[in-house]
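Colleague: Got a minute to walk me through this one? I'd like the fold first and then some details.

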Amino acid sequence: MARCSCFGAYKSETYYGFKGHLLIDFHGAIAGFTLTPANDSEREAVWKLTKLMKSGILLGDKGYLGADFKAELFATEPFCVIN
């Protein structure tokens, strides 16, 4: 089994477990869900959740920041990313 922990260099903390990622539609219903290990990038979950979407607004915390990531996502489909 893969090791599910991560050391946060900027916070000097170790994280164990999993992160949950939800995709909610405009009506408030859960349209998608995925779990990732704590040491995986949050950005990898975006590709899993959005592969069937055509467009939309994505809300996320600072784990989804980055002009390159936003440009890559927008190049794939017309998403608006709000952090």
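Modeller: Sure, we'll go from the overall layout to single residues.

Modeller: One thing up front: this is a predicted model.

Colleague: Okay. How many helices and strands does the protein chain have?

Modeller: The protein chain has 2 helices and 6 strands. Read from the N terminus, the order is β-β-β-β-α-β-α-β.

Colleague: And what share of the residues is buried?

Modeller: Of the 83 residues in the protein chain, 28% are buried.

Colleague: What about the surface, how much of that is carbon and sulfur?

Modeller: Carbon and sulfur atoms hold 59% of the accessible surface, which comes to about 6,000 Å² for the protein chain.

Colleague: What fraction of the contacts is between residues 24 or more positions apart?

Modeller: That's 24%, counting the contacts with a separation of 6 or more.

Colleague: Let's go inside. Which residues make up the largest nonpolar core?

Modeller: There are 9 of them: Leu 23, Val 46, Leu 49, Met 53, Leu 58, Tyr 64, Phe 69, Leu 73 and Phe 79. The elements that supply two or more residues to this core are α1 and α2.

Colleague: Pick Leu 49 for me. What is Leu 49 in contact with, beyond its sequence neighbours?

Modeller: Setting aside residues within four places in sequence, Leu 49 contacts His 21, Leu 22, Leu 23, Gly 32, Phe 33 and Thr 34.

Colleague: Switching to rings. How many aromatic pairs turn up in the whole structure?

Modeller: The search gives 1 aromatic pair. Its members are Trp 47 and Phe 69, with ring centres 6.0 Å apart and planes at 75°, so the pair is edge-to-face.

Colleague: Why does 75° make the pair edge-to-face?

Modeller: Because planes over 60 degrees apart count as edge-to-face, and the planes of Trp 47 and Phe 69 are at 75°.

Colleague: Where do the two rings sit in the chain?

Modeller: Trp 47 is in helix α1, residues 42–50, and Phe 69 is in helix α2, residues 67–76. So the pair ties together parts that are 22 residues apart in sequence.

Colleague: Are they buried or exposed?

Modeller: Phe 69 is buried, at 6% relative accessible area. Trp 47 counts as partly exposed, with a relative accessibility of 25%.

Colleague: Stay in α1 for a second. What does the side chain of Thr 50 do?

Modeller: Thr 50 sits in helix α1, and a polar atom of its side chain lies 2.7 Å from the backbone oxygen of Val 46. Thr 50 is buried too, with a relative accessible area of 5%.

Colleague: Which residues does Thr 50 touch further along the sequence?

Modeller: Leaving out residues up to four places away, Thr 50 touches Leu 58, Leu 73 and Phe 79. Those three are also members of the largest nonpolar core.

Colleague: New topic, strands. How do β3 and β4 run, and how many bridges join them?

Modeller: They run antiparallel, and 7 bridges join β3, residues 18–24, to β4. The two form a hairpin with 5 residues between them. In the turn, Gly 28 has a positive phi of about 90°.

Colleague: What are the bridge partners of His 21 and Leu 23 in β4?

Modeller: His 21 is partnered by Thr 34, and Leu 23 by Gly 32.

Colleague: And which residue does the side chain of His 21 have a polar contact with?

Modeller: Thr 36, at 2.9 Å between the side chains. Thr 36 is in strand β4, residues 30–37, and is buried at 1% relative accessibility.

Colleague: What else does Thr 36 touch?

Modeller: Beyond four places in sequence, the residues include Gly 17, Phe 18 and Lys 19, plus Ala 45 and Lys 48.

Colleague: Ala 31 is in β4 as well. Buried or exposed?

Modeller: Ala 31 is exposed, at 52% relative accessibility. Apart from residues up to four places away, Ala 31 touches Leu 23, Ile 24 and Asp 25. From Ala 31 to Leu 49, C-alpha to C-alpha, it's 8.8 Å, with 18 residues of sequence separation.

Colleague: Last one: where is Gly 56, and how far is it from Phe 26?

Modeller: Gly 56 is in strand β5, residues 56–59, and is buried at 16% relative accessibility. The C-alpha atoms of Gly 56 and Phe 26 are 9.3 Å apart, while the two residues are 30 apart in sequence.

Notes:
Residues numbered from 1 in each chain as written. Predicted model: local features only at pLDDT ≥ 70, side-chain atom pairs only at ≥ 80, totals over all residues. Heavy atoms only, no water. Helix = DSSP H or I, 4+ residues; strand = E, 2+ residues; numbered from the N terminus. Buried < 20%, exposed > 50% of the residue type's maximum accessible area, 1.4 Å probe, protein only. Contact = heavy atoms within 4.5 Å. Areas by Shrake-Rupley, 256 points an atom, 1.4 Å probe, with all protein chains shown as cover. Phe/Tyr/Trp six-rings, centres within 6.5 Å; stacked < 30°, edge-to-face > 60°. Core = buried A, V, L, I, M, F, W, Y, C linked by side-chain atoms within 4.5 Å. Polar contact = N/O pair within 3.5 Å; in protein donor to acceptor, adjacent residues only side chain to side chain. Pairing = 2+ DSSP bridges.
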